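Thanks for making time, everyone. Let me put the model on the screen, and then I'll walk you through it.

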Amino acid sequence: MLLTVDAELPGPELNALFRASWPGHRDTDFGPVLARRLVHVTARRDGRLVGYVNVAGDGGAHAFVLDTTVHPDERRKGLGVALVRAAAEAARERGAHWLHVDYEPHLTGFYEQCGFRPTAAGLMALTGDA
């Protein structure tokens, strides 16, 4: 397994991972997402993209984990935790002091393994799709 920070990431390849991992995913242009990232980490097995996590930053002390994605064939093997930990270290090296993540309750154990602790947070839907 090869983890890489900020590797070149073609949109069709990332869309293929998301289609395999997230039912209902519709292909999207990831260019604007990747252009605004603080860091992203990818995982490849035998050259095939099998994992991805994005970290967005606020330009200061705060960074945010987004889109932690592991191909279904690679789940429950520690890859997601390795991706998030590598992203956290890279974010720290780039000046972030705090790493935030929002997640659904069933992912609490996963994010605790990554090193997060629960905090109170708020969420506001800005579109009817949310």
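**Helix H3 and what surrounds it**

Start with the buried side of H3: Leu 79, Gly 80, Val 81, Leu 83, Val 84, Ala 87, Ala 90 and Ala 91. Keep in mind that this is a predicted model.

Now the helix itself. H3 runs over residues 79-93, 15 residues in total. From first C-alpha to last, H3 reaches 21 Å, close to the 21 Å expected at 1.5 Å a residue. Just after the helix comes Gly 95, with a positive phi of about 105 degrees.

What do the buried residues of H3 pack against? Four strands and a helix are on the list: S1 (2-5), S2 (37-45), S3 (48-57), S4 (62-70) and helix H4 (108-114).

On to the core. The largest nonpolar core has 21 residues. Which of them touch the most other members? Val 53, Val 55, Val 65, Leu 83, Tyr 111 and Phe 116 do. S2, S3, S4, H3 and H4 each put in at least two residues. The largest share comes from H3, with 7 residues.

Look at Leu 83 up close. Leaving out residues up to four places away in sequence, Leu 83 touches Leu 3, Val 41, Thr 42, Ala 43, Gly 51, Tyr 52, Val 53, Thr 69 and Val 70. Apart from the largest core lies another one, of 8 residues. Leu 17, Phe 30, Leu 49 and Tyr 52 are among its members.

Next, charges. How many salt bridges does the structure hold? The count is 7.

Take Arg 45 and Glu 74. Their salt bridge has its closest N and O atoms 3.0 Å apart. The pair links distant parts of the chain, 29 residues apart. Arg 45 sits in strand S2, and Glu 74 sits in the loop between S4 and H3. Is Glu 74 buried or exposed? Glu 74 counts as buried because its relative accessible area is 5%, under the 20% cut-off. Arg 45 is partly exposed, at 34%.

Glu 74 has a second partner. Its side chain also meets that of Lys 77 in a salt bridge, at 3.9 Å, N to O. Lys 77 is exposed, with a relative accessible area of 56%.

Back to H3 for another pair. The side chains of Glu 89 and Arg 92 form a salt bridge at 2.4 Å, N to O. Both residues lie in H3, 3 residues apart, about one turn of the helix. Why does that spacing suit a side-chain pair? An α-helix has 3.6 residues a turn, so residues three or four places apart point the same way. Glu 89 is partly exposed, with a relative accessible area of 34%.

There is also a network of salt bridges. It links Asp 6, Arg 37 and Arg 94.

Last stop, the largest pocket. It holds about 1200 Å³ of space. Which of its 29 lining residues are the closest to its centre? They are Trp 22, Thr 68, Leu 107, Phe 110 and Tyr 111. S4, H3 and H4 each supply at least two residues of the lining. S4 gives the most, with 6 residues.

Two points to take away. H3 supplies the largest share of the largest nonpolar core. S4 gives the most to the lining of the largest pocket.

Conventions:
Residues numbered from 1 in each chain as written. Predicted model: local features only at pLDDT ≥ 70, side-chain atom pairs only at ≥ 80, totals over all residues. Heavy atoms only, no water. Expected span 1.5 Å × (residues − 1). Buried < 20%, exposed > 50% of the residue type's maximum accessible area, 1.4 Å probe, protein only. Contact = heavy atoms within 4.5 Å. Core = buried A, V, L, I, M, F, W, Y, C linked by side-chain atoms within 4.5 Å. Salt bridge = Lys/Arg side-chain N within 4 Å of Asp/Glu carboxyl O. 1 Å grid on protein atoms, 1.4 Å probe; cavity = no way out; pocket = protein on both sides within 12 Å on 5 of 7 lines; lining within 4 Å. Points joined across faces, edges and corners; volume = space filled by probe spheres on them.
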